Amino acid sequence: LCGLVNGLLIVLLRVHPFIITLGTMAAFRGIAFVCPSWFSAEGALSIGQTIGDFPASFTDHFIRIEGVDFEGAASLFVNEYEYELVQKHTGLTPAQILATVGLLVVTLGEKGAAIYAAGEEIRVPAVAPKLILDPTGVGDAFRGGFVRGQSLGLDWETCGRMGSLAASYCLETRGPQEHRYTPTEFVARFRQNFDDQGKLDILLK
């Protein structure tokens with residue numbers, strides 16, 4: 001619902017997404033204080049409770065991290081800030097997190113990404129965007145590129161590089177899902193930045 005409101009305001013008012021997000025964030029926070037009964041649901045605020053009555057911090061409750069909720073997960077994708085939150089709110093060390101999930105990917109902004117799998121750490125550089133218009137959705141774009149490579153059975157490094165390129169396309173476009181490219185365009189630009197040794201030919205079939 002919050003995302004829908006943000007999207008409508010961005011389209012109708014033609015205001016930068018960052019400004020709209022800040023404004024609606026403040027508005028929704030105010031609503032949570034004034035009308036806490038709206039949030040009554042299992043595991044959320046009960047009727048009559050206020051934000052200050054939370055048994056844990058708002059962040060604790062919002063991100064639903066209590067104990068090891070991701071135990072048994074096939075993969076965990078986080079950015080640097082989220083990775084710190086995971087460690088803080090679960091009490092797990094990086095080594096314990098790695099022992100819990102099969103694949104850990106930490107995106108590092110302009111520094112690229114770190115991939116941890118099978119006892120290995122793989123560093124993948126970012127792909128320099130032609131211009132930066134909007135960072136919204138960059139993390140999702142990275143995951144999309146990465147998972148596409150994973151679904152094709154490609155190695156982790158190639159998957160990470162595909163994620164980096166997809167993220168760069170997103171940065172160059174306003175809106176989280178407005179970027180477009182054909183398989184041919186994607187492969188050609190990939191090869192301007194990396195040597196895939198023919199692995200991405202599979203996208204052209």
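How do the residues of the lining of the second largest pocket divide into nonpolar, polar and charged? Keep that in mind for the first view, and remember that this is a predicted model.

**View 1. The second largest pocket and its lining.** Here we're looking into a space of about 790 Å³. A set of 27 residues lines this pocket, and N79, T107, P135, V138 and G139 are the ones that lie nearest its centre. Four elements each give two or more residues to the lining: β1 (75-79), α4 (80-90), α6 (138-151) and α7 (156-171). The largest share comes from α6, with five residues. And the opening question? The lining residues split into 13 nonpolar, nine polar and five charged.

**View 2. An open sheet made of four strands.** Read across the sheet and you'll meet the strands in the order β1-β2-β3-β4, with mixed pairing. At the edges sit β1 and β4 (120-124), each of which pairs on one side only. On average, neighbouring strands here are turned by 15° against each other, ignoring direction. A bit of background helps: strands of a sheet pair through backbone hydrogen bonds, either parallel or antiparallel.

**View 3. Zooming in on β3 and β4.** Strand β3 covers residues 113-117, and it pairs with β4 in the antiparallel sense over five bridges. To spot one partnership, find I115 and look across to β4, where its bridge partner is I122.

**View 4. Two helices that pack on the sheet.** Start with α4, which touches β1 and β2 (103-107). The direction of α4 makes about 115° with that of β1. Now move to α7, which touches β2, β3 and β4. For α7, the direction makes about 30° with that of β4.

**View 5. A salt bridge between K111 and E80.** Side chains of opposite charge can pair when their charged atoms come close. In this view, the side chains of K111 and E80 meet at 3.6 Å, N to O. K111 belongs to the loop between β2 and β3, while E80 is in helix α4, so the pair links distant parts of the chain, 31 residues apart. A search of the whole structure turns up eight salt bridges.

Technical notes. Residues numbered from 1 in each chain as written. Predicted model: local features only at pLDDT ≥ 70, side-chain atom pairs only at ≥ 80, totals over all residues. Heavy atoms only, no water. 1 Å grid on protein atoms, 1.4 Å probe; cavity = no way out; pocket = protein on both sides within 12 Å on 5 of 7 lines; lining within 4 Å. Points joined across faces, edges and corners; volume = space filled by probe spheres on them. Nonpolar A, V, L, I, M, F, W, Y, C, P; charged D, E, K, R; others polar. Pairing = 2+ DSSP bridges. Axes fitted to C-alpha atoms, helices over the stretch in contact; angles between N-to-C directions. Contact = heavy atoms within 4.5 Å. Salt bridge = Lys/Arg side-chain N within 4 Å of Asp/Glu carboxyl O.
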